[in-house]
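Please walk through the model shown here with the sheet as the starting point, and then follow the chain towards the annotated site and the ligand.

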Amino acid sequence: MTQRTLVLLKPDSVRRGLVGEILGRIESKAGWTIAAMELRTLDRGTLEQHYAEHEGRPFYEPLMEFMASGPSVVMVVEGERVIEGVRALAGPTDPIAAAPGSIRGDFGTIVRENLIHASDSEESAARELKLFFPELD
Ligand code: RTP
Ligand code: MG
């Protein structure tokens, strides 16, 4: 099943020089391709829509601030079961709970600065792709 997913390499990935490393792990998966990619500093409006499900939670404001603190790499990855696949490469939200070998397990520090976002379902992917890449078909 070929899918598309929205992936963000968050500002900590860019600041720490981990973009190449993380991109390599995604790109080297057989049959996955990068369909679009851009370095972009995310604005408040986009972030509010992206993280609407978390509005009101205690970590919401610090998350917003962190996500707007510098450029992210925003991209579309396409391929076989890529939605589930990139989530698996990333590992659980909390880097302390993430196994070595996963992106968050190998490089994560604190739960907020966990390096990568990837859409968590087909519905989220459709919504997020439209939000970040409205020009894509
Ligand atoms: P994401 O949406 O960024 O792909 O991450 P996720 O699905 O693994 O985690 P989610 O529960 O959706 O949380 C979104 C992002 O908010 C930050 N966070 N901070 N307790 C905290 O301080 C806390 N909890 C979550 C993380 O950056 C998380 O990725
Ligand atoms: Mg999430």
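In this predicted model, four strands build an open sheet whose order is S2-S3-S1-S4, with antiparallel pairing. Strand S2 (33-40) and S4 stand at the edges, and because each has a single partner strand, one side of each is left without a neighbour in the sheet. On average, and with direction ignored, neighbouring strands of this sheet are turned by 20 degrees against each other. Strand S1 (residues 2-9) pairs with strand S3 (residues 72-80) in the antiparallel sense over eight bridges, and Thr-2 stands opposite Glu-80 in S3. Helix H5 (residues 82-90) packs on the sheet, where it touches S1, S3 and S4, and the direction of H5 makes about 35 degrees with that of S1.

The edge strand S4 (residues 116-118) also holds His-117, a residue that carries the annotation "active site" in an unreviewed UniProt entry. His-117 counts as buried because 21 other C-beta atoms lie within 10 Å, where the cut-off for that class is 20 or more. When residues up to four places away in sequence are left aside, His-117 touches Val-7, Leu-8 and Lys-10.

His-117 is also one of the residues around ligand 1, which are Phe-59, Leu-63, Thr-93, Val-111, Arg-112, Asn-114, His-117, Ala-118 and Asp-120. Sorted by class, this shell has four nonpolar, three polar and two charged residues.

The unreviewed UniProt entry further gives the annotation "domain: Nucleoside diphosphate kinase-like" for residues 2-137. That span is 40% helix and 21% strand, and its end C-alpha atoms lie 15 Å apart.

Terms used. Residues are numbered from 1 along each chain as its sequence is written. Chains are lettered from A and ligands numbered from 1 in the order in which they are written. This is a predicted model: local features need pLDDT of at least 70, side-chain atom pairs count only at pLDDT 80 or more; totals for chains, interfaces and linings use all residues. A residue is near a molecule or strand if its C-beta atom, placed from the backbone, lies within 6 Å of it. Ala, Val, Leu, Ile, Met, Phe, Trp, Tyr, Cys and Pro count as nonpolar, Asp, Glu, Lys and Arg as charged, and the others, Gly among them, as polar. UniProt positions are given in the numbering used here, feature names are shortened, and annotations may be inferred rather than shown by experiment. Helices (H or I, at least four residues) and strands (E, at least two) are DSSP runs, numbered from the N terminus. A residue is buried if 20 or more other C-beta atoms lie within 10 Å of its own, exposed if 12 or fewer, and partly exposed in between; C-beta atoms are placed from the backbone. Two residues are in contact if their C-beta atoms, placed from the backbone, lie within 7 Å. Two strands pair if DSSP finds at least two bridges between them. Axes are lines fitted to C-alpha atoms, for helices over the stretch in contact, and angles run from 0 to 180 degrees between N-to-C directions.
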